[in-house]
Structure formats: structure tokens, C-alpha cells
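Biologist: Please take a close look at one part of this model for me: the place where the ligand sits. Then carry on to whatever else in the chain deserves a check at the bench.

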Amino acid sequence: MKKFKYSEITPEKIYHTRRSFIKSMGYGLGTLSLSSIPLINAKASNLNEPTSYQDITTYNNYYEFGTGKGDPHRRAKNFSTRPWSVKIEGEVEKSLELPIEEVLAIKSEERILKLRCVEGWSMVIPWLGFSLSELLNKVEIKPSAKFVEFETVYNPEEMVGQRYPVLNWPYIEGLRLDEAMHPLTTVVTGLYGKPLPNQNGAPLRIFIPWKYGFKSAKAIVKIRLTKNMPNTAWKNASPREYGFYSNVNPEVDHPRWSQATERVIGESILAPRIETLMFNGYGDEVAHLYSGMDLKKNY
Ligand code: MTE
């Protein structure tokens, strides 16, 4: 696998913006120190300021709590995230059930990464997290494993959206094993130096910055290594519109809208849309995963 350091992909501009916003926020970084935080940049040249905490935590997609952008913020307040555990199972020598406390004890770092939603908007989010490979390396993966499936909790009592057949619950997402092992594939434990808010996927979610936001499943309880391609929630709901790969690709339009540009959340509605970049701007790091593949067919 191609190796890179996060610091190598951080242009000066983001670095300086970041330092000043950290100062102005004045939030407690707990055990993290500024100098020890690897800097991962949003990489879209015209997008270099993190989105506000307010926007990141009130404009959400989380259909378990409703389909409106404000529903997760309003309805997830009392969602129970304890007790919680994460199972790693399937094509592994011995499955493992990790209490959430053990997962959260893994050292998180700040990763400023851009989220591009398939609906055509984007945000830059200062996540806290670590590479999913750290978790997967806790089990012995069998050579038969080719994919990784993520399963969101099923809790219709607390998640009102799960009482309606909007999607096939529980929410399932998945990656090819090499995509899952890529260092940019992140287990998210927080944002803006704070624990992850419920509406953003507490107690933990994944985040894959070069793919459309819906790949980044929230409130994960199971990570399953599989032989076959997982039957993911959106592909299952509408295979013509949503593929398994779902790499951000300005050249492959959604059947109902263009993917060439995006609206930056937090900017005035009069602000021009910005160009969408291949792999959401992370092509240098991830394009090799798809060499020889037709990304129009494998959308
Ligand atoms: N995960 C679950 N379990 N349910 C969802 O409805 N929505 C996805 C993704 N993860 C979703 C989910 C979509 S469409 C997007 S764009 C992102 O979460 C939004 O993440 P955010 O609300 O933290 O910005």
C-alpha cells in the first residue's frame, strides 16, 4: 500500500487557518497537544475553513431519526449510547466483542476531513478518530475475507425513523477490504475536540472522506468481514442511483442531478457553488485503489 504522512498532504494555508481557529475556539483538547495532532487537510483549494460546530451538529442526515435535516439534532438528544459494544465477526479466526470504553481508549487524533454528500453539499469537519485498520488488526482476518460490512444499531424504540420502512433497517454500509484498511478510513469518536454528538453518530461511526457521505455509517454495533459484497442500504433501496463504491466523482452524475459542483454549508445561499473534485480531493492518496477499474460502471 502507498504510504504517506498526514502532514505531507497539508498545505500551509489550512495549517494556518486551523491554528487560528483552534485559538479562537479555545476548546479544551484534553490529552491532545497541538503539536502532536497530525494535520489532515480538506484539500479542496477553495474550501479551507472548517464548518461551524453549529452547522455540523444541526444539519444532519440520519434517517433513523427522521428525514429532515433538523430531525437528528432534535430527536437524538436522549438516544442511549451506553451500554454499547462493537462486534467484529465473520471471516475472522475468532470474533471479538469490544466494550465501547475499550474502543474509545484507542488514541484519537484530530483529522480535518471534508464530507461531500451525494445530495450536493459539503462540509469540512475537524473529526477526532483513528484509522479503522487499528480496530481490524485486533482480529485475525481470514484470507477468504474480501469486504467489510458495517451495521448500525437497531433500536426502533429510541430511533423513531426505524418505525417506518424508509430504508431496510438496520442501516448497512460496506467497503472492500483494502479500502477499509486504508489509513484515511477513520473510526470517528468525536469532533471539534469533544465527544461525538448523538446526531453525528455517537458513540462511534466511520468516515471515508473520498466517498459520498452515506458510506459513513453512524452508531455502529457490528463490523463483519465477508466473502461477498455487502448489500448496502442505499444500493438496496435504489441500485440505479447508488452503487457500492460511491466514490465522489464529478464525472458521474446521479441519474437525477449533476455531481459536478457542490454547495458549501455555512456560506450564503448566494455564494457560488464550488467544483467537486475527483475522490473529493483525496485522489493522490486513494486513486491507486481503483487502477484499471471503470469508475463509470463501478459507481
Ligand atoms: N448513518 C446512518 N446510520 N443513517 C443515516 O441515515 N446518513 C448518511 C451518513 N451516515 C446516515 C448515516 C448520510 S446520507 C450522510 S451525508 C452522513 O451520514 C451525514 O453525516 P453528518 O450528519 O455527521 O454530517
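Modeller: What follows starts at the ligand and then moves out along the chain. Keep in mind that this is a predicted model.

Start with the site. The ligand sits in the largest pocket. Around the ligand there are 16 residues. The closest are Asn60, Tyr63, Glu64, Arg205 and Lys218. By class, the shell splits into 7 nonpolar, 6 polar and 3 charged residues.

Now the polar contacts. Take Glu64, one of the closest residues. An N or O atom in the Glu64 side chain is 2.7 Å from a nitrogen atom of the ligand. Arg205 is also among the closest. A polar atom of the Arg205 side chain lies 2.6 Å from an oxygen atom of the ligand. Ser216 uses its backbone: a polar backbone atom there is 2.9 Å from a ligand nitrogen atom. How much of the ligand's accessible area does the protein cover? On its own, the ligand has 540 Å² of accessible area, and the protein covers 98% of that.

Next, a charged pair. Side chains of opposite charge can pair when their charged atoms come close. With a cut-off of 4 Å between nitrogen and carboxyl oxygen, the count comes to 14 salt bridges. One of them joins Glu119 and Lys69, at 2.9 Å from N to O. This pair links distant parts of the chain, with the two positions 50 residues apart. Glu119 is in the loop between strand 3 (109-116) and strand 4 (121-131). Lys69 is in the loop between helix 2 (53-58) and helix 3 (71-75).

Then the backbone. Two peptide bonds that lead into a proline deserve a look. From Arg82 to Pro83 the bond is cis, with omega near -10°. Pro83 belongs to the loop between helix 3 and strand 1 (85-90). From Ala202 to Pro203 the bond is cis as well, with omega near 0°. Pro203 is in the loop between strand 8 (194-195) and strand 9 (205-207). Arg205, the ligand contact described above, carries the number at which strand 9 begins.

One more backbone point. Ser246 is not a glycine, yet its phi is positive, at about 50°. Look for Ser246 in the loop between helix 7 (233-237) and strand 11 (261-264).

To return to your request: the ligand is in the largest pocket, with 98% of its own accessible area covered by protein. Glu64, Arg205 and Ser216 are the polar contacts to inspect there.

Methods
Residues are numbered from 1 along each chain as its sequence is written. This is a predicted model: local features need pLDDT of at least 70, side-chain atom pairs count only at pLDDT 80 or more; totals for chains, interfaces and linings use all residues. Side-chain values use heavy atoms; hydrogens and water are left out. A residue is near a molecule or strand if one of its heavy atoms lies within 4 Å of it. A polar contact is a pair of N or O atoms within 3.5 Å; within protein, one must be able to donate a hydrogen and the other to accept it, and residues adjacent in sequence count only if both atoms are side-chain atoms. Accessible areas come from the Shrake-Rupley method with a 1.4 Å probe; for residues, only the protein chains shown count as cover. On a 1 Å grid over the protein atoms alone, a cavity is a set of points where a 1.4 Å probe fits but cannot get out, and a pocket is an open set with protein on both sides within 12 Å along at least five of seven lines; lining residues have an atom within 4 Å of a point. A molecule sits in a cavity or pocket if more than half of its atoms lie within 2 Å of its grid points. Ala, Val, Leu, Ile, Met, Phe, Trp, Tyr, Cys and Pro count as nonpolar, Asp, Glu, Lys and Arg as charged, and the others, Gly among them, as polar. A salt bridge is a side-chain nitrogen of Lys or Arg within 4 Å of a carboxyl oxygen of Asp or Glu. Helices (H or I, at least four residues) and strands (E, at least two) are DSSP runs, numbered from the N terminus.
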